[in-house]
Structure formats: structure tokens, C-alpha cells
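Okay, thanks for making time, everyone. I'll put the structure up and then walk you through what I found in it.

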Amino acid sequence: MCMPVISIIIVSYNSEKYIASCLDSILAQDAKDYEIIVVDNASEDKTAPFIKSKYTGCLLVENRANYGVCRARNQGIAIARGEFILCLDSDVILEENFISASYQAINGREGVGA
């Protein structure tokens, strides 16, 4: 199994109404060499079931207690496999080509597995 270049960590808490915009903006990127890890931090809405039903390619970590954003983010980082890590809040919408442009800026290389 190939290791992704970028691990995208998203911490969510009661994000059911807006996490789709975040995930859709990631999936619309020209770069495809990434993994998405969503750490649901004991949401009281239906965030986790929504992600499970619509975004089957995401790795979902479900916390039974709200550990706070830092600890939840560290959980995602601990299981990340990418060379680089991108941490997002669940209401962030990425600009078009954000991932490939960031990768090019960091590495000075063309593309990122597009």
C-alpha cells in the first residue's frame, strides 16, 4: 500500500451542518495523494453517522469523551501516514489547488500525485 504524501487531520465537534463543505473542498483538489482523518470529538449531533454514510474514504476516529481540540488533533497525527500533515478545522473550505500549491511551495516540485 502506498503511503500518502499528505495526511489531512480534521477535528470535528457538532459539525454535521458544515463538515460536508470542508470534505468536499478536499475531495475537489487536483492533488489526490492524501489521506483524510476525521477525529470526531464526542459530537452530540449526527456528525459521525453522516461522515460514515457519505464519506467512506475517510478514516473516522470517534471519541466518546470530548478531549479538547489539541488532544484530538494529536490522535489524528499519531495514526497519520503522510510525509506532511495538514490540520484543519471542520468549517474550513480549501481554495482550489490549495494542496498542490502548498506542496510545490514546500518542496519546489511540480504536482503532488495528481
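**Strands, helices and a few side chains**

So, β2 and strand β3, residues 59-63, run parallel, and five bridges join them. If you want one pairing to click on, take Ile37, whose bridge partner in β3 is Leu59. Before I go further, keep in mind that this is a predicted model.

On to β1, then. Strands β1 and β2 also run parallel, and here seven bridges join the two. The example to click on is Ser7, which has Glu35 in β2 as its bridge partner.

Now for the connections. Going through β1, α1 and β2, you get a right-handed β-α-β unit. Going through β2, α2 and β3, you get a right-handed β-α-β unit as well.

Let me stay with β2 for a moment. How many of its eight residues are buried? Eight of the eight are, so the strand is largely enclosed by the rest of the structure. You can split β2 by side: Tyr34, Ile36, Val38 and Asp40 point one way, while Glu35, Ile37, Val39 and Asn41 point the other way. Both sets are buried, and yes, that takes in Asp40, Glu35 and Asn41 along with the rest.

Next, helix α1, which spans residues 19-27. The buried residues in there are Ile19, Ala20, Cys22, Leu23, Ser25 and Ile26. And what covers them? The cover includes β1 (6-12), β2 (34-41), α2 (47-54) and β4 (84-89).

Pick Ser25 out of that helix. Ser25 counts as buried because its relative accessible area is 8%, under the 20% cut-off. Leaving aside residues up to four places away in sequence, Ser25 touches Val92, Ile93 and Leu94.

Okay, rings. I searched the whole structure for aromatic pairs, and there are two. One is Phe50 with Tyr55, an edge-to-face pair at 6.0 Å centre to centre, with 65° between the planes. In that pair Phe50 is partly exposed, at 23% relative accessible area, whereas Tyr55 is buried at 5%.

Then there's Phe84 with Tyr103, again edge-to-face, at 5.8 Å centre to centre and 80° between the planes. What does that pair tie together? Phe84 lies in strand β4 and Tyr103 in helix α4, residues 98-107, so the pair links parts that are 19 residues apart in sequence. Tyr103 is buried, by the way, with 6% relative accessibility.

There's also a charge over a ring. The charged end of Arg71 sits over the ring of Tyr67, and the distance to the ring centre is 3.9 Å.

While we're in α4, look at Ala101, which has its place in that helix. Ala101 is partly exposed, with 44% relative accessible area. Its C-alpha is 9.8 Å from the C-alpha of Asp30, and those two residues are 71 residues apart along the chain.

Cysteines now. How many disulfides does the structure hold? Zero. Why is Cys58 not bonded to Cys22? Cys22 has the closest cysteine sulfur to that of Cys58, but the two are 9.2 Å apart, which is too far for a bond; a disulfide needs the sulfurs within 2.5 Å. Cys58 is buried, with a relative accessible area of 13%. Cys70 is in no disulfide either: the nearest cysteine sulfur belongs to Cys87, 9.9 Å away. Unlike buried Cys58, Cys70 is exposed, with a relative accessible area of 56%.

Last bit: backbone. Most residues other than glycine have a negative phi. So which residues here are worth a look? Asn14 has a positive phi, near 50°, and is not a glycine. You'll find Asn14 in the loop between β1 and α1, where it is partly exposed at 25% relative accessibility.

Asn97 also has a positive phi, about 65°, without being a glycine. Asn97 is in the loop between β4 and α4, and it counts as partly exposed too, with a relative accessible area of 28%.

That's my tour. Happy to rotate the model to any of these spots.

Note on methods:
Residues are numbered from 1 along each chain as its sequence is written. This is a predicted model: local features need pLDDT of at least 70, side-chain atom pairs count only at pLDDT 80 or more; totals for chains, interfaces and linings use all residues. Side-chain values use heavy atoms; hydrogens and water are left out. Buried means under 20% relative accessible area, exposed over 50%, partly exposed in between (1.4 Å probe, protein chains only). Helices (H or I, at least four residues) and strands (E, at least two) are DSSP runs, numbered from the N terminus. Contact means heavy atoms within 4.5 Å. Rings of Phe, Tyr and Trp (its six-membered ring) pair if their centres lie within 6.5 Å; planes under 30 degrees apart count as stacked, over 60 as edge-to-face and the rest as tilted. A charge sits over a ring if NZ of Lys or CZ of Arg is within 6 Å of the ring centre and within 35 degrees of the ring normal. Two strands pair if DSSP finds at least two bridges between them. A crossover is right-handed if, with the strands pointing away from the viewer, the path from the first strand over the helix to the second runs clockwise.
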